[in-house]
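Me: I'm new to reading protein models. Could you take me through one part of this structure closely, and show how it sits in the rest?

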Amino acid sequence: MLRQMRWMTDREGRWELDLESPATMEGTARPVPGDPLPLGLSRGPRVTRTKQLDFFHRFMASPLVPTFSASRAGLSLHHAHLFHLAQNWSFTILEQLHVQKLVAAVKDKLSSRQEGVPWSNDLKRHLHQVMSLGVGTELLITPDTTLLLELYNIKKGDRGKAIIHHKFPQQNLTLAASWPGLFVDKQGVYWDVPLSLSADLASAGSSSGFSYHLLLQQNSGEPKCFGGDETIEVPLALLPGLCAKAAMSLKKSIDVWRKKEDKLKMVQPYDVFLSDPHVSFTGIVGAVASGSFGDCSKRISVPEETRKSNAFRMFRERNKFAAFADLFASVNFTAQHGNFQRLFLDLTRVSARFDISSGSLFLRGASHLAQDFFFSRRPDLETFCDVCPDVIVSLQQQIVGPFSFRVESSVAIDPRSEEHFVRVDDSVFAIDWALKVLGSAKATAWYSPKHQEAMVELRFLEA
């Protein structure tokens with residue numbers, strides 16, 4: 001599934017906006033600038049985690065919503081109490097139960113309890129060890145302006161965020177402050193930045209045409225690995241400093257074939273975005289530029305990155321300033337069979353996305369390969385690697401009714417490896433439950449074997 005412009009590729013990876021993550025009770029994180037987004041973490045339009053939980057409780061008979069993160073507390077159960085204080089003002093209490101800690105506490109009390117002393121009373125005194133609480137409030141200041149304040153793990157008082165979102169006629173503006181800011185790198189390792197401030201302005205989403213995106217990011221304090229592993233090297237992009245980014249792109253979609261006939265009359269599809277059999281291509285080309293001030297500018301001077309790309313780079317170590325500019329492109333192929341109306345096997349969907357994260361590197365490699373071909377020289381394997389795109393393939397198959405199985409995998413092409421020229425680096429498995437009444441929405445339960453993470457969430461308007 002082709003990501004929106006807000007998730008479009010720049011030289012350093014996916015755009016740094018909030019994404020779903022099971023690592024904390026807030027349910028969000030940001031990708032480290034310079035790293036691609038780990039598979040499984042959603043990128044589509046979404047509502048806040050609090051509203052997702054409330055929807056599960058009210059309409060899907062799910063009083064407890066599970067998440068799993070092997071690197072953190074294992075299995076956790078979440079519940080939210082949403083109170084509407086006024087027509088434009090709501091208050092939320094979040095609860096997170098750490099199941100493994102609860103089981104360990106019960107075993108410990110059963111093995112060590114004294115005669116005549118009810119173990120349940122002692123367990124209640126230690127309930128704070130297995131429960132985390134959070135509070136939040138959302139205020140609709142104007143029809144186009146929303147203020148969100150949330151505090152997590154309030155017993156320690158160590159996590160919180162504030163977000164102001166405003167909708168202009170043609171743009172969306174988001175101002176955010178997180179203490180600490182939670183980031184995730186390409187290996188799935190989470191990082192806490194003591195204070196992270198951002199201002200984000202993006203053009204309103206469109207199916208084709210011109211889009212742009214502006215971002216101002218300020219990180220303060222020394223980043224720490226979320227989990228306490230001090231042996232892991234801190235990503236340079238998370239060091240203190242200010243970073244400004246701008247990206248623009250052109251998007252074009254072409255339907256090679258689309259069939260709108262032969263639908264069942266008076267039968268609503270389980271998902272209106274998945275109701276037409278088709279074969280289509282979507283292409284995006286664009287440019288990105290960034291400027292960094294402070295310690296975070298050191299990432300531009302990494303020798304390995306500088307050697308393998310001839311993008312515009314400027315680094316002034318004395319002034320702690322760096323600038324960067326490059327091109328990017330993406331091509332997405334999608335083929336679908338079925339209208340997703342019938343009870344069984346009425347949807348089979350295959351897609352493949354090819355990302356060129358550095359246009360300058362690709363053009364240089366393509367030029368060298370053309371010269372090698374013209375002069376009948378044997379191509380250099382490193383040059384061949386420069387033109388190999390990042391590939392993600394996806395398969396979705398209806399099982400029964402609104403339920404479908406989906407697998408998404410990243411595929412690496414490495415001609416330097418004699419044994420594994422093409423290999424699957426990462427896969428995510430999911431069960432989707434299409435919410436027919438909402439037109440195009442689904443509850444998704446996904447699991448990532450590589451990162452050992454799982455989550456249940458709501459996704460909207462994904463095609």
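**A close look at the salt bridges and their surroundings**

Reply: Let's begin with the whole chain: of its 463 residues, 48% are buried. Keep in mind that this is a predicted model. The average pLDDT of the chain is 84, and 87% of the residues score at least 70. Two stretches do worse. Residues 1-14 have a pLDDT below 50, although in the model this stretch has 77 contacts beyond near neighbours in sequence. Residues 39-45 also fall below 50, with 33 contacts beyond near neighbours in sequence. Where pLDDT is low, the predicted coordinates should not be read in detail, so go easy on those two places.

Now for the overall build. The chain has six helices and 26 strands. Among its contacts with a separation of 6 or more, 57% are between residues 24 or more positions apart. The accessible surface adds up to about 23200 Å², with 62% of it belonging to carbon and sulfur atoms.

On to the salt bridges. How many does a search of the whole structure find? There are 18. Let's go through three of them.

Start with E26 and R159, whose side chains meet at 3.4 Å, N to O. This pair links distant parts of the chain, 133 residues apart: E26 is in the loop between β3 (19-20) and β4 (28-31), and R159 is in strand β10 (residues 159-167). Are these two residues buried or exposed? E26 has 9% relative accessibility, so it counts as buried. R159 has 9% as well, so it too counts as buried. The cut-off behind that word is under 20% relative accessible area.

The next pair is D276 and R258, with their closest N and O atoms 3.7 Å apart. What does this pair tie together? D276 sits in the loop between β17 (241-258) and β18 (278-294) while R258 belongs to strand β17, so the bridge ties together parts that are 18 residues apart in sequence. Here the two partners have different labels: D276 is buried, at 10% relative accessible area, whereas R258 is partly exposed, at 34%.

The third pair is R377 and D372, which meet at 3.0 Å, N to O. R377 is partly exposed because its relative accessible area is 42%. D372 counts as buried, with 10% relative accessibility. Back with the second pair, there's an extra twist: D255, R258, K260, K263 and D276 are joined into one network by salt bridges that share partners. In other words, the D276 and R258 bridge we just looked at has both of its residues in that network.

Since R258 is in strand β17, follow that strand to its neighbour. β17 and β15 run antiparallel and are joined by eleven bridges. For one spot to find on screen, look for Q217, which stands opposite C243 in β17. β15 also has a link to another strand: eight bridges join β15 (residues 209-220) to β14 (residues 195-203), and these two run antiparallel as well. In that pairing, S196 has N219 in β15 as its bridge partner. Put those pieces together and you can trace β14 to β15, and then β15 to β17.

For a look at a helix, try α1 (residues 49-59), which is mostly covered, with eight of its eleven residues buried. Which residues of α1 are buried? They are R49, T50, Q52, L53, D54, F55, F56 and H57. An α-helix has 3.6 residues a turn, so residues three or four places apart point the same way. Just after α1, A61 takes a positive phi of about 50°.

Finally, turn to the surface. Ten side chains are not needed to get the idea, but here is the set: L343, F344, L345, I399, V400, F403, F405, F429, I431 and W433 make a nonpolar patch of about 890 Å². Where does the patch come from? Strands β22 (390-400), β23 (403-413) and β24 (422-434) each supply at least two of its residues. β24 gives the most, with three. F429 is found in β24, and at 35% relative accessibility F429 counts as partly exposed. So a residue such as F429 doesn't have to be fully out in the open to belong to a patch, because the cut-off for patch residues is over 30% relative accessible area.

Key
Residues numbered from 1 in each chain as written. Predicted model: local features only at pLDDT ≥ 70, side-chain atom pairs only at ≥ 80, totals over all residues. Heavy atoms only, no water. pLDDT = per-residue confidence, 0-100. Contact = heavy atoms within 4.5 Å. Helix = DSSP H or I, 4+ residues; strand = E, 2+ residues; numbered from the N terminus. Buried < 20%, exposed > 50% of the residue type's maximum accessible area, 1.4 Å probe, protein only. Areas by Shrake-Rupley, 256 points an atom, 1.4 Å probe, with all protein chains shown as cover. Patch = residues over 30% accessible without salt bridge, like charges linked within 9 Å, V, L, I, M, F, W, Y side chains within 5 Å. Salt bridge = Lys/Arg side-chain N within 4 Å of Asp/Glu carboxyl O. Pairing = 2+ DSSP bridges.
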